[in-house]
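These are my notes from looking through one structure. I went through enclosed spaces and then helix contacts.

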Amino acid sequence: MEGPLRPRPTNPSDFQFGVVATETIENALLHLAQQNEQAVKEAAGRMGSFRETRIVEFVFLLSEQWCLEKSVSYQAVEILERFMVKQAENICQQATLQPRNNKTESQNWRALKEQLFNKFILRLVSCVQLASKLSFHYKIVSNITVLSFLQALGYVHTKEELLESELDVLKSLNFQINLPTPLAYVEMLLEVLGYNGCLVPAAQLHATCLTLLDLVYLLHEPIYESLLRASIENSTPSQLQGEKFVSVKEDFMLLAVGIIAASAFIQNHECWSQVVGHLRSITGIALESIAEVSYAILTHSVGASTPGQQQPVPYKAARALRTAASSNT
């Protein structure tokens, strides 16, 4: 018999900062920085194409229904993203290996795509289940729970098919599913900020960071599109510019400092400059870059003003950040 699911902690005070030795934090931060640098270098042209709002929302809602902690939902999105990219690459590769016959090529291409789409929900659920197993200290989603959920959606599968689906995901990713997520970078930087004497309590920032990180995942495309337009100072970027910008989308350290900076402004804008200064010292990321990312996040979280209204918070945020950036460079 399966035990009842425990609700995941939602109180920010449940997450403790300042209890880890500084040497451990330094080593962990260095490891994350190295991981991030490698991920940025390896960023491929198709990465990010499956972090669509509907897919992310599905994963988030499913994780919440199964009472999984936040880290599991982010991990599941990243596993699914890598897996689907790999599957898309395999489909393209198989299609090119077929005999050069337009009719046959079209039929094979359609069959491969249908096979991918028909198993998408099963693969998505498998990614969530695998992510839950990585956080086995908390809660693992059982096969019974997964099969019941799929059946409620009209998908009838056996336990064997569920295990085969998990194995397909694992094999496709060479069993490398313990992928870094932006949350790991956010929490590590908050830990360092606490030791550096940040005026805004880390636990207080943590709660806002979680909300903004959810937002970034749900609005991934529009947020990064606005960042791309701002970086090239052009409202219509070319395809080549978009492809080169992929590495920015995979830079979790940059995203983490942007989220923390935006959270700091929301929590206490008077301490904002101090927080941003600490983030620059810790990561080496330029104030200008922190400004652009946090501005994009604030813009999509608060929105633009309408005629007759005062300047919105994002505008003030961007102006304050840019002023700080220019005075400290």
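**Entry 1, second largest cavity.** I looked up the second largest cavity and read about 30 Å³ of space in it. The model is a predicted one. I then listed the residues around this space: Gln35, Asn36, Ala39, Arg82, Pro180, Tyr185, Glu250 and Phe252 line the second largest cavity. Which helix gives the most to this lining? I found helix H1 (residues 22-42), which contributes 3 residues. Sorting the lining of the second largest cavity by class, I noted 4 nonpolar, 2 polar and 2 charged residues.

**Entry 2, largest cavity.** How many cavities of 30 Å³ or more does a search of the whole structure find? I noted 2. For the largest cavity I wrote down about 50 Å³ of space. Its lining consists of Arg51, Glu78, Pro182, Val216, Tyr217, His220, Tyr224, Lys249, Phe252 and Leu255. I checked which helices supply at least two residues each to this lining, and noted helix H9 (202-218), helix H10 (220-232) and helix H13 (252-268). By class I recorded 6 nonpolar, 1 polar and 3 charged residues in the lining of the largest cavity. I marked Phe252 in my list, since this residue appears in the lining of the largest cavity and also in that of the second largest cavity.

**Entry 3, H8 and H13.** I turned to helix H8 (residues 182-195) and H13, whose axes come within 8 Å and cross at roughly 55 degrees. H8 and H13 are therefore oblique to each other. I noted the crossing of H8 and H13 as right-handed. On the H8 side I listed Pro182, Tyr185, Val186, Leu189, Leu190 and Leu193, which meet Phe252, Met253, Leu255, Ala256, Val257, Ile259 and Ile260 of H13. I counted by class and got 13 nonpolar residues in this contact, with no polar and no charged ones. Going back to the cavities, I found Pro182, Phe252 and Leu255 among the lining residues of the largest one, and Tyr185 and Phe252 among those of the second largest.

**Entry 4, H2 and H9.** Next I looked at H2 and H9, with axes that come within 8 Å and cross at roughly 140 degrees. That angle makes H2 oblique to H9. Which residues make the contact of H2 with H9? From H2 I wrote down Thr53, Val56, Glu57 and Phe60, and from H9 Asp214, Tyr217 and Leu218. I divided the residues of this contact into 4 nonpolar, 1 polar and 2 charged. Tyr217 was already in my notes as one of the residues lining the largest cavity.

**Entry 5, H2 and H5.** Last, I checked helix H2 (residues 53-65) against helix H5 (residues 120-134), and read axes that come within 11 Å and cross at roughly 50 degrees. H2 is therefore oblique to H5. I recorded a right-handed crossing where H2 passes H5. The H2 residues in the contact are Ile55, Phe58, Val59, Leu62 and Ser63, and the H5 residues are Phe120, Ile121, Leu124, Val125 and Val128. By class I noted 9 nonpolar, 1 polar and no charged residues in the contact of H2 with H5.

Conventions. Residues are numbered from 1 along each chain as its sequence is written. This is a predicted model: local features need pLDDT of at least 70, side-chain atom pairs count only at pLDDT 80 or more; totals for chains, interfaces and linings use all residues. Side-chain values use heavy atoms; hydrogens and water are left out. Axes are lines fitted to C-alpha atoms, for helices over the stretch in contact, and angles run from 0 to 180 degrees between N-to-C directions. Angles under 35 degrees count as roughly parallel, over 145 as roughly antiparallel, 65 to 115 as roughly perpendicular and the rest as oblique. A crossing is left-handed if the near helix is turned anticlockwise from the far one by less than a right angle, and right-handed if clockwise. Contact means heavy atoms within 4.5 Å. Ala, Val, Leu, Ile, Met, Phe, Trp, Tyr, Cys and Pro count as nonpolar, Asp, Glu, Lys and Arg as charged, and the others, Gly among them, as polar. On a 1 Å grid over the protein atoms alone, a cavity is a set of points where a 1.4 Å probe fits but cannot get out, and a pocket is an open set with protein on both sides within 12 Å along at least five of seven lines; lining residues have an atom within 4 Å of a point. Grid points are joined across faces, edges and corners, and a volume is the space filled by probe spheres set on the points.
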